[in-house]
Amino acid sequence: MATLSERAVRDRNESAWLLPNDGTRTNHRLRRDMRRFDDADEIDLVIVGCGAGGSILAQRLARRGWRVAALDAGPFWDPDADWVSDEAGSHRLYWTEPRVIDGSDPVPMGSNNSGRGVGGSMVHYAGYTPRFHPSDFSTYTDDGVGADWPLDYADLKPYYEHIEQELPVAGERWPWGDPHGYPQRPHPVGGNGEIFLRGAGKLGITAKVGPVAISNGRFGNRPHCIYRGFCLQGCKVNAKASPLITHIPDALSHGAEIRANAMVTEVVIDQRTGRALGVHYRHNGRERFQRARMVAVAGYSIETPRLLLNSASKRFPDGLGNDYDQVGRYLMVQGAPQTAGRFDAEVRMYKAPPPEVSSEAFYETDPARDYQRGFSIQTVSPLPITWAEHVAAQGHWGRALREYMSDYVHWSTLGSLCEFLARPGNRVTLAEEKDAHGLPVARFSYSQCDNDRALMKQAQTVMEDILHAAGADEVITINRYAHLVGGARMAADEQHGVVDRNCRSFAVPNLYITDGSVLPTQGSANPALTIMAVAARAADHLAGSA
Ligand SMILES: Cc1cc2nc3c(=O)[nH]c(=O)nc-3n(C[C@H](O)[C@H](O)[C@H](O)COP(=O)(O)OP(=O)(O)OC[C@H]3O[C@@H](n4cnc5c(N)ncnc54)[C@H](O)[C@@H]3O)c2cc1C
Ligand code: SF4
């Protein structure tokens, strides 16, 4: 029987109840009977990208009766047919189109930073869904680094609460930031999580179970997690939340069209009025144009600025909305050192969801330290190929690599997310190289600053201490990056950003950006929940109720 809070969720988003209840994962009828708009129809809203930000916008406005089409460059995934419980076999979930990287600390692109297809990167994200802290919204005023948002935590709080119920999120009561509870109780913890809790406990560091967008119990027609550890390969079970199952079914049932395999190549502007007219896109080898009253771009932090720059016109010669040279700037990636510890007893870290236990005890600026802002620590639990990458990055090869691989079941792995600071020179521009559509690809330049390096060093020290305290006899750390946000940030005015506090472009009144690109800072939280909350708030604004 549905609980009171489930009924409240169902009243605003029925997705979990629209999925089949017969052991299969996709409502094929809903997809087959989907409303289909004609290119020549001037629909209310065309959305570019059907991931964390785009899907929420589509669902919220379809519910309000808007005529919405969301175009995604990738496929409309069917978990039963398309996803496999195999690490290597899952690589087609990633955005693997060419991108150029440079700067003094280039960020490798691929599996670890973006997805392709309906559901976006959340299809293969880990499932951690922490909120940002109130301090994230005023780092410039409080810490003299980063930027102040043009909105604050209180503006997002009701949206956090709603999305947490819709995913739903499971976890212990959260003591950090704005303390809060979660709709579902915490999951039981596997070997890796137990080690984190044990080591942190010995050092007096608070660590908690959750918050993860993985159903702990049945939710609508979605089943309980079965703890098989394939969250980053696309959860075939439908226990882990992604918009493909949490928002798209409801969007379809309210008349939205999801147009898969539709690569948008340009946002077209009326050169006389300066308003957006619609988008050019490629679909089944054909060049097409969808007319719309409003356009929203939600293609992820690299592809959104790239599309704006590729949409240059007479009126916007340096790229759409780029009169103040803000498009593509302030792109952020989190430093993500990963530390593994070996234990005599078997850990078998793969036997649970990789996201389980985390700590935000080091999140804010500590005046006793010589760096600003902070980091979080989380269990990560790599599967064997990712474990081999960790070991190889340490320089082990041949016989040594084989020995580490054979020893896999004895290792526990923690990861940290360090708040690398937003800097104008870390940006997307257009490269000379072209993709298969003949469009210039993104060039992403990235360099760290001293504060970034100091944070990463301290995060490594704390993780190594935790694993030693838990009893590890050998500890190895590699440095990585995780998540990408920014590149079309929100700001108080057009000289400092691309969109306003409601995600509306300063330059084009009927153009919105509703993905991770708009975030001015990133905290040391995983970003998906905040991206969804920002998009849900933008939807309320568009519908005239925020
Ligand atoms: C391995 C991995 C693990 C992660 N783990 C976590 C986690 O635990 N917690 C968390 O909060 N976050 C996590 N993330 C990050 C999170 O998934 C992303 O931050 C979030 O999905 C970004 O949302 P978005 O709307 O900006 O873009 P996306 O969700 O990536 O959606 C963008 C969509 O736009 C489409 N698109 C792009 N360009 C075009 C175009 N020109 N035309 C049409 N379509 C286009 C893409 O195909 C894609 O579907 C993880 C990411 C990865 C890769
Ligand atoms: S561990 Fe749970 S959430 Fe992760 S893939 Fe398996 S069933 Fe899905």
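The following exercises work through local features of a predicted model, each with a stepwise solution.

Local features need pLDDT of at least 70 and side-chain atom pairs count only at pLDDT 80 or more, while totals for chains, interfaces and linings use all residues. Residues are numbered from 1 along each chain as its sequence is written, chains are lettered from A and ligands numbered from 1 in the order written, and side-chain values use heavy atoms, without hydrogens and water.

**Exercise 1. The buried side of helix 12**

Task: find which residues of helix 12 are buried, and what covers them.

Solution.
- Step 1. Set the terms. Helices (H or I, at least four residues) and strands (E, at least two) are DSSP runs, numbered from the N terminus. Buried means under 20% relative accessible area, exposed over 50%, and partly exposed in between, with a 1.4 Å probe and protein chains only.
- Step 2. Pick out the residues. In helix 12 (residues 384-393), Trp387, Ala388, His390 and Val391 are buried. Their arc around the axis is only 155 degrees, so they lie on the same side of helix 12. The arc is taken from the directions from the helix axis to the C-beta atoms.
- Step 3. Recall the helix geometry. An α-helix has 3.6 residues a turn, so residues three or four places apart point the same way.
- Step 4. Look at the cover. Contact means heavy atoms within 4.5 Å. The cover includes strand 10 (338-342), helix 13 (398-406), strand 13 (411-418) and strand 16 (474-478).
- Step 5. Check what comes next. Gly395 follows helix 12 and has a positive phi, near 95 degrees.

**Exercise 2. Aromatic pairs and charges over rings**

Task: count the aromatic pairs, then classify Tyr153 with Tyr160 and Trp174 with Tyr182.

Solution.
- Step 1. Apply the rule. Rings of Phe, Tyr and Trp (its six-membered ring) pair if their centres lie within 6.5 Å; planes under 30 degrees apart are stacked, over 60 edge-to-face, and the rest tilted. The count is 15 aromatic pairs.
- Step 2. Take the tyrosines. Tyr153 and Tyr160 are 5.9 Å apart, centre to centre, with 40 degrees between the planes, a tilted pair. Both Tyr153 and Tyr160 are buried.
- Step 3. Take the other pair. Trp174 and Tyr182 have ring centres 6.2 Å apart and planes at 65 degrees, so this pair is edge-to-face. Trp174 is buried at 2% relative accessibility. Tyr182 is buried too, at 12%.
- Step 4. Join the rings. Phe132, Phe137, Trp149, Tyr153 and Tyr160 are linked by ring pairs into a cluster.
- Step 5. Add the charges. A charge sits over a ring if NZ of Lys or CZ of Arg is within 6 Å of the ring centre and within 35 degrees of the ring normal. Arg293 lies over the face of Trp66, 5.0 Å from the ring centre. Arg489 has its charged end over the ring of Tyr330, 3.5 Å from the centre.

**Exercise 3. Unusual backbone**

Task: locate the cis peptide bonds before Pro168 and Pro211, and the positive phi values of Asn238 and Arg348.

Solution.
- Step 1. Recall the background. Most residues other than glycine have a negative phi, and most peptide bonds are trans.
- Step 2. Place the prolines. The bond from Leu167 to Pro168 is cis, with omega near -25 degrees. Pro168 lies in the loop between helix 7 and helix 8 (191-203). The bond from Gly210 to Pro211 is also cis, with omega near -10 degrees. Pro211 is in the loop between strand 4 (208-209) and helix 9 (243-246).
- Step 3. Place Asn238. The loop between strand 4 and helix 9 also holds Asn238. Its phi is near 75 degrees. Asn238 is buried, at 4% relative accessible area.
- Step 4. Place Arg348. Arg348 has a phi of about 50 degrees. Arg348 lies in the loop between strand 10 and strand 11 (357-359). Arg348 is partly exposed, at 29%.

**Exercise 4. Partners of two strand residues**

Task: list the contacts of Val475 and Thr429 beyond four places in sequence.

Solution.
- Step 1. Take Val475, in strand 16. Val475 is buried at 18% relative accessibility. It touches Thr339, Ala340, Gly341, Glu464, Leu467 and His468. The C-alpha atoms of Val475 and Glu464 are 6.6 Å apart.
- Step 2. Take Thr429, in strand 14 (residues 427-434). Thr429 is partly exposed, at 25%. Its contacts are Leu309, Val441, Ala442 and Arg443. Thr429 and Arg443 are 5.2 Å apart, C-alpha to C-alpha.
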